[in-house]
Amino acid sequence: MEALQREIAAAAVFEDAIDFTPDAIRDGEALVAGIDQAFLGERAVSAVVLVRGGEVVARAHAITPLSMPYVPGLLAFREGEPIVAALETLDVEPDLLVFDGSGRIHYREAGLATHVGSCFDAPAIGVTKNLLCGRPRDPTDGLAEGDRVAIEADDSMTAPDGTVVGYAYQSRQYSESKRINPVYVSSGHRLSAATALECVIACGGEYKLPRPTRLADRYADELKREHGG
DNA sequence: GCGACAG
DNA sequence: ATCTTGTCGC
């Protein structure tokens with residue numbers, strides 16, 4: 001599986017190859033898909049929420065059996081197929097896919113966002129609440145809202161040491177006493193690290209996670225309740 | 001052997 | 001991710 005990830009990484013494009021801009025996302029000229037999952041025993045509940053100009057345009061989901069356990073570094077093999085099942089029920093093509101998982105911030109530069117984005121050859125971004133690997137260029141605690149810190153490749157990764165593979169982004173910061181952790185943003189496919197971050201910022205949101213991801217998160221919970229849990 | 005690890 | 005009540009703060 002590691003070998004396959006290296007192939008996927010080789011096919012992935014970590015440069016801008018998109019036909020929209022972050023501003024287009026703000027202006028409602030781009031369709032963004034937020035993707036997340038919840039679990040029901042040995043079944044995955046995959047949720048997709050399509051957002052345009054901050055408004056929900058459509059939702060799609062799929063409940064499928066899981067074939068693999070969770071293994072750090074191999075998340076795409078567990079969640080990839082279930083997510084594809086949900087994406088296939090869409091009747092429109094999103095301009096951008098935003099995943100709840102890493103993109104290039106991955107040992108072999110092949111996180112969930114890279115894996116699925118590359119398969120669909122669609123622009124993709126990975127957003128996580130915890131850092132899988134890589135090293136922040138500067139301390140990430142105590143950042144102010146809007147701050148960003150580059151994440152560089154470390155020796156646990158195949159990318160050349162020091163390569164900027166993503167960013168820690170302080171999307172929210174309420175008070176200074178009880179601090180919130182930043183989110184980690186990385187390109188999955190057809191985006192540079194910097195543009196991926198700009199796209200996430202353009203997605204907006206009132207919470208820590210970008211709006212599309214947050215909405216998919218809640219939709220997944222809603223589905224989970226409906227189907228027992 | 002020790003450390004470290006998305007969801 | 002998931003199991004889970006109350007609770008502190010804006």
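Where is the place of Asp-100? In this predicted model, Asp-100 sits in strand β4 (residues 96-100), while Asp-36 falls in strand β1 (residues 31-40); helices (H or I, at least four residues) and strands (E, at least two) are DSSP runs, numbered from the N terminus. Residues are numbered from 1 along each chain as its sequence is written, and chains are lettered from A and ligands numbered from 1 in the order in which they are written. Local features need pLDDT of at least 70, side-chain atom pairs count only at pLDDT 80 or more, and totals for chains, interfaces and linings use all residues, with side-chain values based on heavy atoms and with hydrogens and water left out.

Both aspartates turn up in the UniProt record, where an unreviewed entry lists Asp-36 and Asp-100 under "binding site"; such annotations may be inferred rather than shown by experiment. They span 65 residues in sequence, yet no two of their C-alpha atoms are more than 5.6 Å apart, so they gather at one spot. At 6% relative accessibility, Asp-36 counts as buried (under 20% relative accessible area, 1.4 Å probe, protein chains only).

As for contacts (heavy atoms within 4.5 Å), and leaving aside neighbours within four places in sequence, Asp-36 touches Val-45, Ser-46, Ala-47, Asp-100, Ala-216, Asp-217 and Ala-220. On the same basis, Asp-100 has Ile-35, Asp-36, Leu-112, Val-127, Lys-129 and Thr-213 as its contacts.

Next come the DNA strands. A residue is near a strand if one of its heavy atoms lies within 4 Å of it. By that rule 17 residues surround DNA strand B, and the closest are Tyr-70, Gly-73, Ser-102, Lys-129 and Asn-130. Of the strand B atoms within 4 Å of the protein, 49% belong to sugar or phosphate and the rest to bases. Polar contacts (pairs of N or O atoms within 3.5 Å) reach the bases here: polar backbone atoms of Gly-73 and Leu-112 each lie 3.2 Å from a base nitrogen of DNA strand B, and a polar side-chain atom of His-106 is 3.5 Å from a base nitrogen.

Around DNA strand C the residues are Ala-38, Phe-39, Lys-129 and Lys-224. Here 100% of the strand C atoms within 4 Å of the protein belong to sugar or phosphate. A polar backbone atom of Phe-39 is 3.3 Å from a phosphate oxygen of DNA strand C. Polar side-chain atoms of Lys-129 and Lys-224 each come to 3.2 Å from a phosphate oxygen of that strand.

Note on methods:
Polar contact = N/O pair within 3.5 Å; in protein donor to acceptor, adjacent residues only side chain to side chain. Buried < 20%, exposed > 50% of the residue type's maximum accessible area, 1.4 Å probe, protein only.
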